[in-house]
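Visitor: Hi! Could you walk me through this one?
Guide: Happy to, here it is.

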Amino acid sequence: MALVLGIESSCDETAAALVTSDRRIVAQRIASQDDAHAPYGGVVPEIAARAHVERLAPMIGAVLADAGVTLADCDAIAATAGPGLIGGVMVGLVSAKALAMASNAPLIAVNHLEGHALSPRLADPALGFPYILLLVSGGHCQILRVEGVGRYRRLATTIDDALGEAFDKTAKILGLGFPGGPAVERLAMEGDPAAVPLPRPLVGSGEPHFSFAGLKSAVLRAKESGRFRDADIAASFQQAAVDCVTDRLRIALAATEPAPALVVAGGVAANSTVRAVLEGLARAHEMRFVAPPPALCTDNAAMIAWAGCERLMMAQFRPDPLEIAARPRWPLDPQAEPARGAGVKA
Ligand code: KG4
Ligand code: ZN
């Protein structure tokens, strides 16, 4: 049994966690910076990096104390090394390097997306490879075939906005503040999902890619028209978004070899409508549906520690060199070609 310390600092959550290879989250702490970024309506990279600097070291000390262990008890130090806001990633990765050096424990540089992609296996011991993964967060929107640790085939990506980004922009248009996803979900509960006619971009297209920019513009026009209740706009947006997701997943599932499980991860996986719709889709395809508990869906350090455990347990495990660099971009499937029509974000 191995104990891994995980560090996450790629966006606006500072987090540290201790996780064992037999799937116990021994201790974890997470500090959101929502209040610091709220006045700007989005994450300000410089503010985020400074907040990570202030919070991370005491947080790691607190997590070790919570668990009643010391650095010497850790079998590896895992930290997000990208993709993300580079200042924040550097804070976490440099801290991990220092701890690895001081304790002689191996350093594991984790791809943040791999943290999300493997997080369902932390929550569900029965989830084996391969599985089809919908990875939906604030910065990413992909369908992946997860064949094993470090083996990801991208089946689809977004040609413009990520799904979480669409939720955040809808929240901004409706004046719901930041971060927007949970606020849109709450307001949508009081609205009629059929009240506002909204487009379903790319639905019906033969390739399984996503697009949400047109949906966001339509939400803006609906709001500016003054003809609709905010709750109806929120509910209709959420409905259009899940319609896009199901259609795109159907195309992706038809194009790949069958897999026993459909899995969702990333911040948007915390959305109960998204989860319910995916559960139905999985049933229709005779697949098992797996979604981590909401707290494991949004950014956290347990998923980074777990990805570290998964790597550490591999027969061919090799620690990362202390010189390894933080990466603002780091695709899970380097072989994947850019989606046709993709903008700079994809
Ligand atoms: O994975 P995550 O915490 O950070 C990134 O790696 O991006 O995802 C954050 C995203 C945000 O866009 C947020 O609005 C969205 O996930 N989100 C939600 C919900 N909770 C978080 N979107 C819809 N419904 C939710 N309940
Ligand atoms: Zn994330």
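Guide: His112 (NE2), His116 (NE2) and Asp299 (OD) coordinate the zinc ion (ligand 2) at 2.0 to 2.1 Å. Donors here are N, O and S atoms within 2.8 Å of the metal (3.2 Å for Na, K and Ca), and water is not among the atoms, so sites may look incomplete.
Visitor: Is this predicted, and how is it numbered?
Guide: This is a predicted model, where local features need pLDDT of at least 70, side-chain atom pairs count only at pLDDT 80 or more, and totals for chains, interfaces and linings use all residues. Residues are numbered from 1 along each chain as its sequence is written, chains are lettered from A and ligands numbered from 1 in the order written, and side-chain values use heavy atoms, without hydrogens and water.
Visitor: What spacing do the zinc donors follow?
Guide: Along the chain, the spacing is H-x3-H-x182-D.
Visitor: And are His112 and His116 buried or exposed?
Guide: Both are buried, meaning under 20% relative accessible area, with exposed over 50% and partly exposed in between (1.4 Å probe, protein chains only).
Visitor: Switching to ligand 1, which polar contacts does Asp168 make there?
Guide: A side-chain N or O atom of Asp168 is 2.6 Å from an oxygen atom of ligand 1. For His116, also through the side chain, the distance is 3.2 Å. Asp299 uses a backbone N or O atom, 2.9 Å from a ligand 1 oxygen.
Visitor: How much of ligand 1 is covered?
Guide: The protein covers 89% of the 550 Å² of accessible area that ligand 1 has on its own (Shrake-Rupley method, 1.4 Å probe).

Terms used. Polar contact = N/O pair within 3.5 Å; in protein donor to acceptor, adjacent residues only side chain to side chain.
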